[in-house]
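Biologist: Please give me a close look at one pocket lining, then work outward from there into the surrounding parts. Keep it relaxed, but don't skip the numbers.

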Amino acid sequence: MNVRNSISLLFVYGTLMQGFSNPFAKKLRKNAVWQGKATFTGQLFDLGSYPGAIFNSNTSSLVHGEVWEISDFNAVIPSLDYYEGIHDSQPEYVREPIPVLLETGQKQLAWAYLYCQPTDAFVQIKHGDYRQWLLDNKQHL
């Protein structure tokens with residue numbers, strides 16, 4: 001069996017997290033079970049009105065987010081792929097399986113939407129937490 005096809009977990013670190021009210025975040029919450037807070041090694045960037053994260057196993061920097069278990073992955077993921085624009089002619093994101101660490105200490109493989117464009121023009125969110133970044137900059141979820 002292809003491991004990619006058996007992954008039902010999704011790591012989210014931006015506008016799909018709890019507290020965001022866009023239609024796609026609502027769809028995720030309606031069709032998935034929250035598994036808890038989690039992290040992965042990488043960098044997080046402020047892209048303007050949303051973040052972008054890059055997975056990097058060779059760094060100690062962490063990206064903070066949430067893990068959701070999607071009940072019917074094939075019914076939900078196409079709309080999330082659309083929201084993240086992974087099929088656009090010049091996509092900003094790719095959906096890849098990456099290792100994540102749940103707050104319970106359990107390691108899991110989860111899908112994540114990872115930024116796939118140059119980051120030179122963007123500010124890195126050094127603490128890796130987009131929700132905290134918005135609060136620190138007095139922006140609303």
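**Around a pocket, and outward**

Modeller: Let's start with threonine 39, which is buried because its relative accessible area is 14%, below the 20% cut-off. Keep in mind that this is a predicted model. Threonine 39 belongs to strand E2, which runs over residues 32-46. Setting aside residues up to four places away in sequence, threonine 39 touches Phe11, Leu62, Val63, His64, Val100 and Leu101.

Now look at glycine 65, in strand E4 (residues 62-70). Its relative accessibility is 8%, so glycine 65 counts as buried. Beyond its neighbours within four places, glycine 65 is in contact with Phe11, Val12, Tyr13, Met17, Gly36, Lys37 and Ala38. With lysine 37, glycine 65 has a C-alpha separation of 5.8 Å, across 28 residues of chain. Phe11 is one of the contacts of threonine 39 and also one of those of glycine 65, so hold on to that name, because phenylalanine 11 returns below in an edge-to-face pair.

Both starting residues, Thr39 and Gly65, help line the second largest pocket. The rest of that lining is Met17, Gln18, Trp34, Lys37, Ala38, His64, Glu66, Asp129 and Arg131. E2 and E4 are the elements that supply two or more of these residues, and E2 gives the most, with four. By class, the lining splits into three nonpolar, four polar and four charged residues. The volume of this second largest pocket comes out at about 170 Å³.

For the largest pocket, the figure is about 240 Å³. Its lining has 15 residues, and those nearest the centre are Thr15, Tyr50, Tyr83, Glu84 and Tyr93. Sorted by class, that lining has nine nonpolar, three polar and three charged residues. Strand E1 (9-12) and helix H3 (73-84) each contribute at least two residues to the lining.

That brings us to H3 itself. Helix H3 has 12 residues and spans 16 Å from its first C-alpha to its last, close to the 16 Å expected at 1.5 Å a residue. Its buried residues are Phe73, Val76, Ile77, Ser79, Leu80, Asp81 and Glu84. Glu84, then, is buried and also sits among the residues nearest the centre of the largest pocket. The buried residues of H3 pack against E1, helix H2 (23-30), E4, strand E5 (93-102) and strand E6 (107-115). Just after the helix, glycine 85 has a positive phi of about 70 degrees.

From there, follow the loop between H3 and E5. Proline 91 is in that loop, and at 18% relative accessibility it counts as buried. Not counting neighbours within four places in sequence, proline 91 is in contact with Gly85, Ile86, Cys116 and Gln117. Its C-alpha is 8.7 Å from that of tyrosine 115, a residue 24 places away in sequence. Glutamine 90 is also in the loop between H3 and E5, but glutamine 90 is exposed, with a relative accessible area of 69%. The C-alpha atoms of glutamine 90 and glutamine 117 are 9.0 Å apart, while the residues are 27 apart along the chain.

Last, the aromatic side chains. The model has 10 aromatic pairs. In one of them, phenylalanine 11 and phenylalanine 40, the ring centres are 5.0 Å apart and the planes meet at 70 degrees, so the pair is edge-to-face; an angle over 60 degrees is what earns that label. Phenylalanine 11 is in strand E1 and phenylalanine 40 in strand E2, so this pair ties together parts that are 29 residues apart in sequence. Both phenylalanine 11 and phenylalanine 40 are buried. The pair of phenylalanine 24 and tyrosine 82 is tilted, with 6.3 Å from centre to centre and 40 degrees between the planes. Phenylalanine 24 is in helix H2 and tyrosine 82 in helix H3, and the pair links these distant parts across 58 residues. Tyrosine 82 is exposed, because its relative accessibility is 65% and the label applies over 50%. Back at phenylalanine 11, ring pairs join Phe11, Tyr13, Phe40 and Phe55 into a cluster. Two members of that cluster, Phe11 and Tyr13, are also among the contacts of glycine 65, which takes us back to where we began.

How values were computed
Residues numbered from 1 in each chain as written. Predicted model: local features only at pLDDT ≥ 70, side-chain atom pairs only at ≥ 80, totals over all residues. Heavy atoms only, no water. Buried < 20%, exposed > 50% of the residue type's maximum accessible area, 1.4 Å probe, protein only. Contact = heavy atoms within 4.5 Å. 1 Å grid on protein atoms, 1.4 Å probe; cavity = no way out; pocket = protein on both sides within 12 Å on 5 of 7 lines; lining within 4 Å. Points joined across faces, edges and corners; volume = space filled by probe spheres on them. Nonpolar A, V, L, I, M, F, W, Y, C, P; charged D, E, K, R; others polar. Expected span 1.5 Å × (residues − 1). Phe/Tyr/Trp six-rings, centres within 6.5 Å; stacked < 30°, edge-to-face > 60°.
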